[in-house]
Amino acid sequence: MRNHPDAVMIFAAGRGTRMGNLTAQRPKPLIPVAGRPLLDHALSFARGVDPARIVVNTHYLGDQIAAHLDGQPDVTLSDEVDLLETGGGLRHALPLLGDGPVYTMNSDAVWTGSNPFHQLRAAWDGDRMDALLLMIDPTRAHGHKGAGDFIIADDGRITRGPGVTYSGAQIIRTDGLNDIAEDAFSLNKLWDIYMARGRVYGIVHDGAWCDVGHPQGIEIAEQMVGYSGV
């Protein structure tokens, strides 16, 4: 049973503190990179899988994101009065997303290669998986420090440890959110629940990826995609 998702959640609520002055008066998802806002990069991937629903969560300077998306009827906003982190934000958006697994993506990255959601959809198997995370080979992870987040076993299951880097894109079931008591929490808590069941898998993206969560990431990302500024 493939049970492909028909909803996409894009995370765009954070304060973007690593961006310093760049986010003093503008939310990070609206910072332009390679000629268009970061949020629009993520939306182009979402639309590439023709989902029934696209949800973008907002909090910090959310009125600017709402204005940017005005006139785009395929996108619904999930506004958070308090910042709920990724896990809490996903749970808050469930009435808009519906039942079943969903695609999720962070809005602060730029990619080359295949549409990340196409790769996830092709590998997803709902009979075996509660979550399928898209990883980046460390040699193709730009603007990012660290020894990696997960190790992928021969059967595709993942465990925490130095190895590949999580890209911020995945397919995940949402039923486990009901087992978490906190209002604001990271998706790490949900992964831990699913890992205990042996049902979290990973695949490696076929292109390059750049973390644009900090100012230096803008130039690195534009170099990565060959953007000339014209």
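Strand β12 gives the largest share of the lining of the largest pocket, four residues. That is where I'd like to start.

Some ground rules. This is a predicted model, where local features need pLDDT of at least 70, side-chain atom pairs count only at pLDDT 80 or more, and totals for chains, interfaces and linings use all residues. Residues are numbered from 1 along each chain as its sequence is written, and side-chain values use heavy atoms, with hydrogens and water left out. Helices (H or I, at least four residues) and strands (E, at least two) are DSSP runs, numbered from the N terminus.

Back to the pocket. A pocket here comes from a 1 Å grid over the protein atoms alone: it is an open set of points where a 1.4 Å probe fits, with protein on both sides within 12 Å along at least five of seven lines, and lining residues have an atom within 4 Å of a point. The largest one has a volume of about 900 Å³. That volume is the space filled by probe spheres set on the points, which are joined across faces, edges and corners. Its lining counts 33 residues. R18, K28, T86, N106 and D108 lie nearest its centre. Four elements give two or more residues to the lining: α3 (85-92), β12 (165-172), α6 (187-196) and β14 (209-211).

Stay on β12 for a moment. S167 sits in this strand. Is S167 buried or exposed? At 5% relative accessibility, S167 counts as buried. Buried means under 20% relative accessible area, exposed over 50%, and partly exposed in between, with a 1.4 Å probe and protein chains only. The side chain of S167 reaches the backbone oxygen of L134 at 2.7 Å. Contact means heavy atoms within 4.5 Å. Not counting residues up to four places away in sequence, S167 touches W111, L134, M135, I136 and W209.

W111 takes us to the core. A nonpolar core is a set of buried Ala, Val, Leu, Ile, Met, Phe, Trp, Tyr and Cys residues joined through side-chain atoms within 4.5 Å. The largest has 31 residues, and I10, V56, W111 and F117 touch the most other members. Helix α1 (residues 38-47) gives the most to this core, with five residues. Apart from it lies another core, of 26 residues, among them V55, F150, F185 and Y194. Leaving out residues up to four places away in sequence, the contacts of W111 include F45, P116, S167 and W209.

Now the helices. Take α1. Seven of its ten residues are buried, so α1 is mostly covered. They are L38, L39, H41, A42, L43, F45 and A46.Next, α2 (residues 62-69). G62, I65 and L69 are buried there. They cover an arc of only 60° around the axis, which puts them on the same side of α2. The arc is that of the directions from the helix axis to the C-beta atoms. D63 and A67 are exposed, on the face turned away from the buried side. The buried residues of α2 pack against α1, β4 (53-58) and β5 (75-79). After α2 comes G71, with a positive phi near 90°.

Then α5 (residues 116-123). P116, F117, Q119 and L120 are buried. Seen down the axis of α5, these residues fall within an arc of 160°, so they line one face of the helix. At the start of α5, a side-chain oxygen of N115 comes within 2.9 Å of the backbone nitrogen of F117.

F117 leads on to Y103, in strand β6. At 2% relative accessibility, Y103 counts as buried. Neighbours within four places aside, Y103 is in contact with residues including F117, L120 and R121. Y103 and A7 are 96 residues apart in sequence, yet 6.3 Å apart in space, C-alpha to C-alpha.

Last, backbone angles. Most residues other than glycine have a negative phi. Which value does phi of D50 take? Phi of D50 is near 50°, a positive value. D50 lies in the loop between α1 and β4, and at 68% relative accessibility D50 counts as exposed. Phi of E85 is positive too, near 65°. E85 lies in helix α3 and is partly exposed, with a relative accessible area of 44%.

Methods: A polar contact is a pair of N or O atoms within 3.5 Å; within protein, one must be able to donate a hydrogen and the other to accept it, and residues adjacent in sequence count only if both atoms are side-chain atoms.
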